[in-house]
Amino acid sequence: MLNAIEIKPDIWWVGGIDWNERLFHGYSTERGITYNAYLILDEKITLIDTAKATFSDEFIQRISQVVDPSKIDVVIVNHVEMDHSGSLPLIKKIAPNATIYAGAPAGVNEIKAHFGIEVEGVKTGDTHSIGRRTLSFVQTPMVHWPDNMVTYVAEEKLLFSNDAFGQHFATTKRFDDEVDRCELFRQAKKYYANIVLPYGAQTQRALKQVAGLDIEMIAPSHGCIWRSFIPEILACYEAWSTYQTEEKAVIVFDSMWHSTEKMAREITDAFIAEDIPAVLLDVKASHISDIILEMMDARYVAVGSPTLNSNMLPTVAGFLTYMRGLSPNNSMRIGLAFGSYGWAPLGPKQVYTELENMKFQLPVPVITQQWIPSEEKLTELQVAVRTMIEESRQA
Ligand SMILES: Cc1cc2nc3c(=O)[nH]c(=O)nc-3n(C[C@H](O)[C@H](O)[C@H](O)COP(=O)(O)O)c2cc1C
């Protein structure tokens, strides 16, 4: 087993590593997950967050390598979701005299609802001395649950950021500069796209709140700790939370007999012909959480479905439902709906209505094709792409 790791003098990583989790509440986690918890040895022995219940054995073993777990005096619950709080009842049993703190009122109420445990509430601006160090709390509601908060230790210039700045990335390495940088930022972006995306305004507020803090280390509750690339990840969060897009097209489709696929390929080629990077994704082959990752910074999004039993294909509907929930501020994006049909073009029309409801700019009406795409239809698609690009350039 990987031992507890000292991340600063007397501050230890004691979390769990979930090497083989591949689907985490509908999010494909191809690199696994870590549940990070941290132990501070001070006059009051303090635990920052816990681990998913199924990882409580390794979590307790790691704490035991550093200190007798029954000696824990203080537990901070930055977030009540059970991947971080699942081992709280066990800690409460092992260290019954520990004082547990969570954000008030949401965190306090959620812990009671999950575990029937009464805890102390803290609010933004509250501080708690644990000896040589003082913990300061900043509530960051809806980044990504109502209870979220971060804990700052000024003496260490250390921010325990919980889910913010996290990545689903199982590794024996604990720091950003010890792992492949491209993979690290890809996983940070995928995490943002699938977890934090609906909460851009709240993330902006949280970024402003922590902007005044002197930070040399950000220790999230998932993945690697940031110490070498803090300005870079802060810049990413600034861009992602303000929904910045770039000249990039994502074409998403499903197809039974390749007609809609042929249309999707034509659209892709039309973007490439205009020197715009394009990504072609069949929803059968790509997980929706990866499609959202690709889509997050794309200015152009084309979605295609044929008609099946008077509807769009369920795979495409699933993707659109997922996108709707993540509400990625599509008003900055130019959309296109397309698809094939046999006798009534209801599938592509439904796609169009969905994109319209999600506030995409739609300069071109839905493009439908009865049965197999004709040469004229393929030309119409090329023209549509050029219209989309003009629309963007005029804005
Ligand atoms: C099981 C099945 C159900 C279909 N239902 C409809 C329908 O309700 N309305 C319609 O217009 N076409 C329907 N079609 C025809 C397809 O939409 C048509 O073959 C289309 O060209 C398929 O596009 P694709 O090659 O992209 O899959 C159906 C086809 C299949 C195989």
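Good morning, and let me start with the surroundings of the ligand, where helix H8 (259–273) and strand S20 (334–341) each supply at least two residues of the shell. Please keep in mind throughout that this is a predicted model. Which residues come nearest to the ligand? Of the 17 residues around the ligand, those are Met256, Trp257, Thr260, Pro306 and Gly342. If we sort the shell by class, we count eight nonpolar and nine polar residues, while charged residues do not appear there.

It helps to set this beside the database record, where an unreviewed UniProt entry lists residues 249–389 as "domain: Flavodoxin-like". In the model, that span is 45% helix and 21% strand, and the C-alpha atoms at its two ends lie 10 Å apart.

Let me turn now to how some of the helices pack, beginning with helix H9 (residues 288–295) and helix H10 (residues 314–326), whose axes are 10 Å apart and meet at an angle of about 55°. Because an angle of that kind falls outside the parallel, perpendicular and antiparallel ranges, H9 is described as oblique to H10. The crossing of these two helices, H9 and H10, is right-handed. On the H9 side the contact involves Ile288, Ile291 and Ile292, and these meet Gly318, Phe319, Tyr322, Met323 and Leu326 of H10. By class, the contact of H9 with H10 has seven nonpolar residues and one polar residue, with no charged ones.

The other pair is helix H6 (residues 200–211) with helix H7 (residues 230–241), which pack at an angle of about 145° with their axes 9 Å apart. Here, the crossing of H6 and H7 is left-handed. Gly200, Thr203, Gln204 and Leu207 of H6 make the contact together with Tyr237, Glu238 and Ser241 of H7. What classes do the residues of this contact of H6 with H7 divide into? They are two nonpolar, four polar and one charged.

Finally, I would like to look at the backbone, with a general point first: most residues other than glycine have a negative phi, and most peptide bonds are trans. Against that background, a cis peptide bond joins alanine 104 and proline 105, with omega about 0°, and proline 105 sits in the loop between strand S10 (99–103) and helix H4 (106–115). Another cis bond runs from valine 143 to histidine 144, with omega near 20°, and histidine 144 lies in the loop between strand S13 (134–139) and strand S14 (149–153). Methionine 142, also found in the loop between S13 and S14, has a positive phi, near 65°, although it is not a glycine.

Note on methods: Residues are numbered from 1 along each chain as its sequence is written. This is a predicted model: local features need pLDDT of at least 70, side-chain atom pairs count only at pLDDT 80 or more; totals for chains, interfaces and linings use all residues. Axes are lines fitted to C-alpha atoms, for helices over the stretch in contact, and angles run from 0 to 180 degrees between N-to-C directions. Helices (H or I, at least four residues) and strands (E, at least two) are DSSP runs, numbered from the N terminus. A crossing is left-handed if the near helix is turned anticlockwise from the far one by less than a right angle, and right-handed if clockwise. Two residues are in contact if their C-beta atoms, placed from the backbone, lie within 7 Å. Ala, Val, Leu, Ile, Met, Phe, Trp, Tyr, Cys and Pro count as nonpolar, Asp, Glu, Lys and Arg as charged, and the others, Gly among them, as polar. A residue is near a molecule or strand if its C-beta atom, placed from the backbone, lies within 6 Å of it. UniProt positions are given in the numbering used here, feature names are shortened, and annotations may be inferred rather than shown by experiment. Angles under 35 degrees count as roughly parallel, over 145 as roughly antiparallel, 65 to 115 as roughly perpendicular and the rest as oblique.
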